[in-house]
Every structure is written in C-alpha cells, then in structure tokens.
Amino acid sequence: MWCFKPERIFPEAAFHFPDNWVKMATSITRTFGSLRIVARRSLKNAEVALNVRHPGPLFLPVRTKKRYFIPPAVGLKGKKEENPEAKARAAGIVFRQQYLERPINIACSAGVFDPYIPPEGDARLSTLSKEGLRQRTEQIRQSAASQLAIRKIKDYDSQFSTKTFAEQAQEIFIEAHNALTHFNKEKLHSLVTERCYPEMTRGNRYKTIRWRFVESLEPPRVVHARCPDMVTKGNLYGQVTVRMHSKQTVAIYDRFGRLMLGSEEQPKDVLEYLVIERHLVNPYSRWRLHGKIVPSWAPPKDPIIKTVAIPGPDLKPWEEFDAFNYEIPKPAAVQWNK
C-alpha cells in the first residue's frame with residue numbers, strides 16, 4: 001500500500017507554520033461559524049414572516065368511480081344536520097320505501113285462544129270438597145262455551161262431530177310424528193300449522209328420533225272447543241282440544257349416535273291435551289295440529305342423558321388397551337353446599 005509522506009519527497013523542507021498564523025486561522029474559523037448560525041436564524045425568521053414553505057411530496061387521490069352520495073362526516077358538533085333523503089333525492093337517488101308493517105300468516109292463528117285448563121288429578125276429586133267443587137264449576141263454565149263454539153264450527157264444517165273427531169285427531173297426531181321422524185317436510189306442513197312447525201323441528205337438525213305409538217289406553221275425547229276470529233270479525237278459526245291417553249316410545253340420539261333421551265324398548269304412559277285447528281272460512285283448509293297444552297301439575301320431563309368421555313390410561317404406541325382389567329377412577333369426595 002502506498003502512503004504519501006512529504007518528508008520523503010522534500011526532506012529539507014518541513015511543514016511548520018508560525019504560531020501567529022495558527023491563531024489567525026482559529027479566529028477566522030470561529031468568526032465564520034458564528035456568522036453561519038446568525039444567517040441561519042435570520043433565514044428561518046424570514047420564512048416564518050413570509051409564510052414560505054419548502055416544497056414537499058404531493059399526493060393526489062385518484063377516484064375511478066363517481067360518488068353521487070357522500071355520507072356526512074362523523075363527529076361534527078354544532079352544525080345543522082341535513083336530511084340524507086333530501087340530499088340523495090337532489091343527487092338523483094331515490095330511497096326505497098321501508099314498510100314498518102309486520103307480515104302475518106292468516107292460514108293459522110298466532111296461539112291458543114282461551115286454553116283449556118286440565119283439572120288436577122284428571123277431575124277425580126270429590127265434589128264435596130272445596131277444590132272438587134271449584135273444578136266442577138270451571139268444567140261447567142267451559143263446557144257451556146264449548147257447545148256454542150261447536151255449533152259455529154258445524155256451520156262451516158257439516159261433517160264435524162265430537163264422537164268421530166277425536167279419532168281423526170289421534171290419526172293426525174300419529175302421522176305428524178311419523179313424518180317428523182322421517183324428516184318429511186312436505187307431509188309435515190300438511191299435518192301441522194305454521195305456528196306448530198318450528199316448535200316441533202327446532203333443534204332436531206343433527207339428531208335422530210325414534211318414535212312409535214304403541215296403543216291407546218283410553219279412547220280419545222273432545223274436552224274443549226273455541227271458535228275465535230282474527231284480523232276481521234268474520235275470519236273464524238276453529239280450535240278443538242282433544243284429551244289423549246296412550247302408550248308411546250321415544251328415543252333421541254345425537255349426531256354421533258349416542259342416546260340422549262328415552263328408550264326404544266321401554267314404553268311410557270303419556271297423557272296429552274292436543275289442540276287441533278282449522279281455518280273455517282277457507283273451504284280448502286283442513287284440520288291440523290296446532291299445539292299442546294301442558295298442565296301446571298304435570299310431572300317434570302326426564303333429564304337429557306349427557307355422554308362424557310372417561311379418561312383412559314396413557315398407552316405407548318406398541319401397547320394395547322385391556323378393557324377388562326382396567327378400573328375406572330372414581331372422583332374424590334368433595335364437600336358442597338346449596
């Protein structure tokens with residue numbers, strides 16, 4: 001590597017400056033430094049006074065689509081709020097009219113009118129007691145109103161009879177539940193009303209239902225009838241409550257095939273009060289299952305069987321699980337209070 005050394009080129013001349021020259025150069029450097037600082041400050045003050053800005057990067061937004069309606073800015077306080085509909089109408093945009101009315105279905109009613117109150121103990125209390133006398137009085141009052149409703153139903157349905165209608169209602173009930181187990185939506189819609197359909201099918205999407213009607217313990221009978229109107233005075237609906245005491249089996253499996261409720265082999269006695277409805281004004285209507293009345297004194301339903309995974313032993317890849325010699329660990333006793 002080459003290195004320049006003046007002593008080798010001019011050995012007789014040494015670069016030594018006098019002391020007064022060094023002092024003069026130092027004072028000149030200090031003077032120029034102070035002048036540079038003063039000039040910079042004066043330039044900044046002049047720029048502030050003249051509002052001179054240095055040119056910076058310029059950003060131009062490019063819009064490819066014309067906006068006919070610009071929404072108002074958010075957070076503007078104290079300014080007058082403009083009507084967005086009037087502003088859009090001035091821009092040539094017409095808002096679609098919003099209807100606040102709620103759509104309804106007049107093929108069926110919205111609920112059960114004057115629901116039947118099943119007597120506690122199935123009306124087996126003695127009339128000599130206070131509770132038995134109250135049951136008998138309520139039964140007479142309801143039967144009087146039911147007779148008037150039956151007469152009105154017969155004006156629109158000449159083939160209606162309380163003796164044969166109970167058997168017809170039981171057939172509708174059986175066919176509707178068979179269609180539910182096979183997920184036949186078209187047939188189920190023809191057997192149940194639009195109000196009853198979501199109540200029967202809610203939560204059954206990933207479940208398997210096994211239902212079977214074994215036998216009828218008592219012949220079904222009509223216990224209640226009402227003929228209300230809805231929307232207008234002449235729009236009549238017929239609602240008939242049928243008491244049905246039968247023996248049924250039901251089993252519900254989850255999507256993994258595990259039993260959640262009931263049993264397919266063990267039948268149970270079921271006492272039900274079914275509500276069958278028909279739109280009397282419509283000549284093409286039919287009697288359909290509308291709902292079910294559950295009395296307040298009815299026993300609670302069986303709880304759902306929850307399937308849990310029992311932790312097994314930790315096995316190595318080359319080991320096999322012996323289910324006969326494995327003991328299920330029991331949880332430790334824990335004290336709790338309610």
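A: Two strands are taken to pair if DSSP finds at least two bridges between them. The model discussed here is a predicted one.

Q: How does one read the pairing of strands, and in what order do the four strands of the open sheet lie?

A: In general, the strands of a sheet pair through backbone hydrogen bonds, and the pairing is either parallel or antiparallel. Here four strands make up an open sheet with antiparallel pairing, in the order S1-S2-S3-S4. Strand S1 (208-226) and strand S4 (288-293) are the edge strands, each pairing on one side only. On average, neighbouring strands of this sheet are turned by 35° against each other, with direction ignored.

Q: How many bridges join S1 to S2, and which residue in S2 is the bridge partner of Trp211?

A: S1 and S2 run antiparallel and are joined by 14 bridges. Trp211 has Val250 in S2 as its bridge partner.

Q: Which strands does helix H4 lie across, and which does helix H5 lie across?

A: Helix H4 (residues 130-156) lies across S1 and S2, at about 100° to S1. Helix H5 (residues 162-181) lies across S1, S2, S3 and S4, and its direction is at about 155° to S1.

Q: How is burial read for a single residue: is Ser246 buried or exposed?

A: A residue is called buried when its relative accessible area is under 20%. Ser246 counts as buried because its relative accessibility is 0%. This serine belongs to strand S2 (residues 237-253).

Q: Which residues is Ser246 in contact with, leaving aside its neighbours within four places in sequence?

A: With those neighbours left aside, Ser246 contacts Phe213, Glu215, Ser216 and Leu217, and also Lys268, Asp269 and Val270. The side chains of Ser246 and Gln248 are joined by a polar contact of 2.9 Å. Between Ser246 and Glu272, the C-alpha to C-alpha distance is 8.4 Å, although 26 residues separate them in sequence.

Q: How should a buried charge be examined, and what is the nearest side chain of opposite charge to Glu277?

A: A salt bridge requires a side-chain nitrogen of Lys or Arg within 4 Å of a carboxyl oxygen of Asp or Glu. Glu277, in strand S3 (residues 259-279), is buried but has no salt bridge, and the nearest side chain of opposite charge, that of Arg288, is 5.9 Å away.

Q: With which side chain does the side chain of Glu277 make a polar contact?

A: The side chain of Glu277 makes a polar contact of 2.2 Å with that of Ser109. Not counting residues up to four places away in sequence, Glu277 touches several residues, among them Cys108, Thr193, Tyr237, Trp287 and His290.

Definitions and conventions. Residues are numbered from 1 along each chain as its sequence is written. This is a predicted model: local features need pLDDT of at least 70, side-chain atom pairs count only at pLDDT 80 or more; totals for chains, interfaces and linings use all residues. Side-chain values use heavy atoms; hydrogens and water are left out. Helices (H or I, at least four residues) and strands (E, at least two) are DSSP runs, numbered from the N terminus. Buried means under 20% relative accessible area, exposed over 50%, partly exposed in between (1.4 Å probe, protein chains only). Contact means heavy atoms within 4.5 Å. A polar contact is a pair of N or O atoms within 3.5 Å; within protein, one must be able to donate a hydrogen and the other to accept it, and residues adjacent in sequence count only if both atoms are side-chain atoms. Lys and Arg count as positive and Asp and Glu as negative; His and the chain ends are not counted. Axes are lines fitted to C-alpha atoms, for helices over the stretch in contact, and angles run from 0 to 180 degrees between N-to-C directions.
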